[in-house]
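Here is a report on one chain and its fold. Look at the sequence and the structure first, then read on.

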Amino acid sequence: MESPLYADLHVHTTISDGSDDFEEVLAQAATLGLTHVAFTNHDTVTGLSQAFDLQERFNVTVIGGIEISAWDAAENTKAHIIGLGFESERAPAIQALCGPLLERRFAKTRWQIEQLQSHGIKLDLDLLGRYALQSTCLYKQHVMAALTEAPHGSAEYQRLYRSLFKEGGICERHIPYVDARDAVRAIKEDGGWAVLAHPGQFNNFGLVARLARLGLDGIEKYHPDHGPKEWRKVEQLATEHNLFCTGGSDYHGAFGDSALGSHRIQVDTGTDKGTVHPSTDKGTVHPSTLVCGQRDGSSVHPGLAVLLDECGSRQGGRRANAGRADAGSVHPSSPI
Ligand SMILES: [Zn+2]
Ligand SMILES: [Zn+2]
């Protein structure tokens with residue numbers, strides 16, 4: 001039996017609002033025993049070529065991705081749409097959709113900086129610039145990192161963040177996001193797999209049915225904001241609409257609270273083919289932050305198997321073979 005695949009399918013880097021660059025993430029992934037990492041920076045596929053070039057060095061398959069900041073007008077809620085499986089940084093439909101969004105976000109952060117300055121709050125702009133150096137935009141995480149040395153998860157950080165950026169704070173401002181349906185369309189047009197991210201975070205499970213009609217491929221099941229209740233809801237919806245389930249840590253390095261690989265999917269390969277479940281092998285991947293302790297034992301959805309297989313093939317070698325064997329064996333009618 002070949003070794004299982006461990007895939008963290010939701011990871012941010014310095015290209016958006018993460019603190020670690022591709023190399024740092026992949027080095028950590030290799031240490032943790034992850035076989036696949038999907039880079040899903042906000043509203044951009046920038047840097048994926050560089051990430052692809054690094055995968056052989058770390059023996060970790062890179063899945064090209066994105067997380068689009070979208071809006072669902074029908075329910076008046078935010079919606080994050082993940083795209084997976086991009087082979088290059090050439091994504092014209094996504095660029096056309098997300099380029100103006102990045103500009104709006106940039107303008108908002110500029111305004112937030114001006115707000116801080118006009119209220120006499122001292123902000124080290126050089127430091128801020130260093131944090132945002134590789135990013136395609138300026139994020140409030142960069143501003144916060146320049147404002148305080150308190151760790152992201154600390155009460156001090158959260159208090160400062162909420163008082164400035166939420167609850168009527170001087171930096172609170174919202175920008176129009178793109179329509180969730182357009183996000184799915186753009187991802188599909190550019191050849192990606194479209195996945196509704198963490199529906200538990202925005203309680204937008206109702207969006208699944210509407211997006212499924214447009215070609216949604218999957219739903220994120222394992223995520224720091226989800227527990228057994230959300231897993232069950234996602235599973236139900238995935239079965240109903242024949243979608244696959246994904247999982248990821250939503251890793252942001254020091255600019256977030258979850259550890260790389262803490263939420264992921266495991267795909268068994270070889271003779272015990274076609275099961276996806278949160279890992280049970282404490283000690284192999286990430287001993288301290290396992291998402292839960294039970295395999296769900298369901299078959300790999302063919303779409304997910306193809307996704308992992310295609311990305312593995314690009315890297316070549318052992319991973320591709322493992323993925324291909326798995327892809328050929330799954331039951332075609334059994335969503336996760
Ligand atoms: Zn998100
Ligand atoms: Zn995310």
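## Helix H7 and its surroundings

Glycine 191 comes just after H7 and takes a positive phi of about 85°. The model is a predicted one, and that applies to every value below.

Helix H7 spans residues 180-189. Its buried residues are Ala180, Arg181, Ala183, Val184, Ala186 and Ile187. Arg181 is thus listed among the buried residues of H7. The cover over the buried residues of H7 includes strand E3 (61-72), E4, H3, E5, E6 and helix H9 (207-212).

## The chain overall

The chain has 336 residues, and 51% of them are buried. Twelve helices and eleven strands make up its list of elements. Consider contacts between residues at least 6 apart in sequence: 72% of them join residues at least 24 apart.

## The nonpolar core

The largest nonpolar core holds 85 residues. Within this core, Val37, Ile81, Ala183, Leu196 and Ile219 touch the most other members. Helix H3 (residues 92-118) gives the most to the core, with six residues. Two domains take part: domain 1 (5-89 + 179-327) and domain 2 (98-165) each supply at least three residues.

Which residues does leucine 196 touch, not counting residues up to four places away in sequence? They are Ile81, Leu207, Val208, Leu211, Leu216, Ile219 and Glu220. Ile81 and Ile219 are also named with Leu196 among the core members that touch the most others.

## Strands E4, E6, E7 and E8

Strand E6 covers residues 193-196. Trp193 and Val195 lie on one side, Ala194 and Leu196 on the other. Are these residues buried or exposed? All four are buried, so both faces of E6 are covered. In a regular strand the side chains alternate between the two faces of the sheet.

E6 pairs with strand E4 (residues 77-86) and with strand E7 (residues 218-222). E4 and E6 run antiparallel and are joined by four bridges. Isoleucine 82 has valine 195 in E6 as its bridge partner. E6 and E7 are parallel, with two bridges. Here leucine 196 is bridged to isoleucine 219 in E7.

E7 also pairs with E8, in parallel, over four bridges. Tyrosine 222 stands opposite glycine 247 in E8. Strand E8 (residues 244-247) has Phe244 and Thr246 pointing one way and Cys245 and Gly247 the other. All of these E8 residues are buried. E7, helix H10 (residues 228-241) and E8 form a right-handed β-α-β unit.

## Helix H2

Helix H2 runs over residues 48-58, and Leu48, Ala51, Phe52 and Gln55 in it are buried. Why do they sit on the same side of H2? Because they cover an arc of only 100° around the axis. An α-helix has 3.6 residues a turn, so residues three or four places apart point the same way. Asp53 and Arg57, on the other side of H2, are exposed.

Asparagine 59 follows H2 and has a positive phi, near 55°.

## Two loop residues with positive phi

Aspartate 43 is not a glycine, yet its phi is positive, about 60°. Aspartate 43 sits in the loop between strand E2 (36-39) and H2. Is aspartate 43 buried or exposed? It counts as buried because it has 25 C-beta neighbours inside 10 Å, where 20 or more are needed.

Glutamate 167 is not a glycine either, and its phi is positive at about 50°. Its loop runs between helix H6 (155-165) and strand E5 (178-179). Glutamate 167 has 8 C-beta neighbours inside 10 Å, so it counts as exposed; the limit for that is 12 or fewer.

## Leucine 147

Leucine 147 belongs to helix H5 (residues 140-147). With 20 other C-beta atoms within 10 Å, leucine 147 is buried. The cut-off is 20 or more.

What does leucine 147 contact, leaving aside neighbours within four places in sequence? Its partners are Leu123 and Leu160. Lysine 122 is 25 residues away along the chain, and its C-alpha atom is 7.6 Å from that of leucine 147.

Note on methods:
Residues are numbered from 1 along each chain as its sequence is written. Chains are lettered from A and ligands numbered from 1 in the order in which they are written. This is a predicted model: local features need pLDDT of at least 70, side-chain atom pairs count only at pLDDT 80 or more; totals for chains, interfaces and linings use all residues. A nonpolar core is a set of buried Ala, Val, Leu, Ile, Met, Phe, Trp, Tyr and Cys residues joined through C-beta atoms within 7 Å. Domain bounds come from an automatic or database domain assignment. Two residues are in contact if their C-beta atoms, placed from the backbone, lie within 7 Å. Two strands pair if DSSP finds at least two bridges between them. The arc is that of the directions from the helix axis to the C-beta atoms. A crossover is right-handed if, with the strands pointing away from the viewer, the path from the first strand over the helix to the second runs clockwise.
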